[in-house]
Amino acid sequence: MIVVSNLSFRYQQPIFEQFNWQVEPGETWAVLGPSGCGKSTLLALLAGLKVPQSGEIRIHGERILRPRPQTGLILQDYGLLPWATVRENIALGLRIRSFYGADGVHAPKKSLSLKRVDFWLERLGLASVAAQYPAQLSGGQRQRTAIARTLVLEPDVLLMDEPFSSLDAPTREGLQALTLELTAEHGLTLIIVTHAIEEAALLGRKILLLHQPPNRQAQVIPNPSAGSVRYREQAEYAALCHVLRESLRG
Ligand code: ADP
Ligand code: MG
């Protein structure tokens, strides 16, 4: 469970003030709002990359003051190492973890097994490009490599910040479907940030709407029928998109 309590965070201007929000294990959330509303800031706070000025965030009871090994983070620009192959990029986190340990301090006892790398290469359809470098891949393959690199570390919480916004529509839809499959298969708690109404409606069983800062109260829109790509063809989906569009307009 993720509990955000009385969170306040500001740069020069306040972004969150006394903000409260809760995410249950295994839930799939979309965080939707216009550019500049604080979506990336919220994700960075959840990831432990930023620390609130007051209030707190707890994940499974543990206060988040630094990055947590079981939280996976995927960004728009992939963050792959250009000089490493797809296989090496996916293995990187495992290697670092086997060297430093999950807490970054204590080296673990067991030796490094790269079997899981092969599993994820297969699962994400990357086996045929395993020896290639990021520059030789399509945008979709790069983002799948980034996803594999994160999931190989077996996170329980997956945070994604506009992960598909630079991809063309068919690739984006393929990766949205894959994200739904993977969260269901692995019981992940997913929080995906997007400025795209249709993406939020398709992926988020619950939608957190943010507005021009400061955000003081969480506005949550339930969307229980989300979870399959066929939802896109249903009247309920179209109605929800309409509601979201109206709320964003404001
Ligand atoms: P979003 O991801 O919703 O587009 P951000 O969380 O990136 O929004 O930013 C929220 C607001 O905070 C924006 O007005 C942005 O300009 C500002 N901001 C973001 N990062 C910084 C920073 N490091 N220093 C100062 N202001 C920032
Ligand atoms: Mg952002």
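The questions below concern the nonpolar cores and the cavity of a predicted model.

Student: Which helix gives the most residues to the largest nonpolar core?

Tutor: The largest nonpolar core has 47 residues, and Ile-90, Leu-124, Leu-126, Ile-147, Met-160, Ile-207 and Leu-244 touch the most other members. Five residues of this core come from one helix, residues 197–203, and that is the top contribution. The helix is H6.

Student: Where does this core lie with respect to domain 1 and domain 2?

Tutor: Domain 1 covers 1–70 + 156–250, and domain 2 covers 80–154. Both give residues to the core, so its place is between them.

Student: Which residues is Leu-126 in contact with, leaving aside neighbours within four places in sequence?

Tutor: Leu-126 is among the core residues that touch the most other members. Contact here means heavy atoms within 4.5 Å. With the sequence neighbours set aside, the partners are Val-86, Ile-90, Leu-121, Gln-141, Arg-144, Thr-145 and Ala-148.

Student: How many cavities of 30 Å³ or more does the structure hold, and how much space lies in the largest?

Tutor: A probe the size of a water molecule, rolled over the atoms, shows where empty space is left. The count at 30 Å³ or more is one cavity. The space in the largest cavity is about 30 Å³.

Student: Which element supplies the largest share of the lining of the largest cavity?

Tutor: The lining consists of Ile-147, Leu-158, Met-160, Thr-179, Leu-182 and Thr-183. Strand S7 (157–161) and helix H5 (169–186) each supply at least two of these residues. The largest share is three residues, and it comes from H5.

Student: How many residues of that lining are nonpolar, polar and charged?

Tutor: Ile-147 and Met-160 line the cavity and are also members of the largest nonpolar core. By class, the lining divides into four nonpolar, two polar and no charged residues.

Notes:
Residues numbered from 1 in each chain as written. Chains lettered and ligands numbered in written order. Predicted model: local features only at pLDDT ≥ 70, side-chain atom pairs only at ≥ 80, totals over all residues. Heavy atoms only, no water. Core = buried A, V, L, I, M, F, W, Y, C linked by side-chain atoms within 4.5 Å. Buried < 20%, exposed > 50% of the residue type's maximum accessible area, 1.4 Å probe, protein only. Helix = DSSP H or I, 4+ residues; strand = E, 2+ residues; numbered from the N terminus. Domains from an automatic or database assignment. 1 Å grid on protein atoms, 1.4 Å probe; cavity = no way out; pocket = protein on both sides within 12 Å on 5 of 7 lines; lining within 4 Å. Points joined across faces, edges and corners; volume = space filled by probe spheres on them. Nonpolar A, V, L, I, M, F, W, Y, C, P; charged D, E, K, R; others polar.
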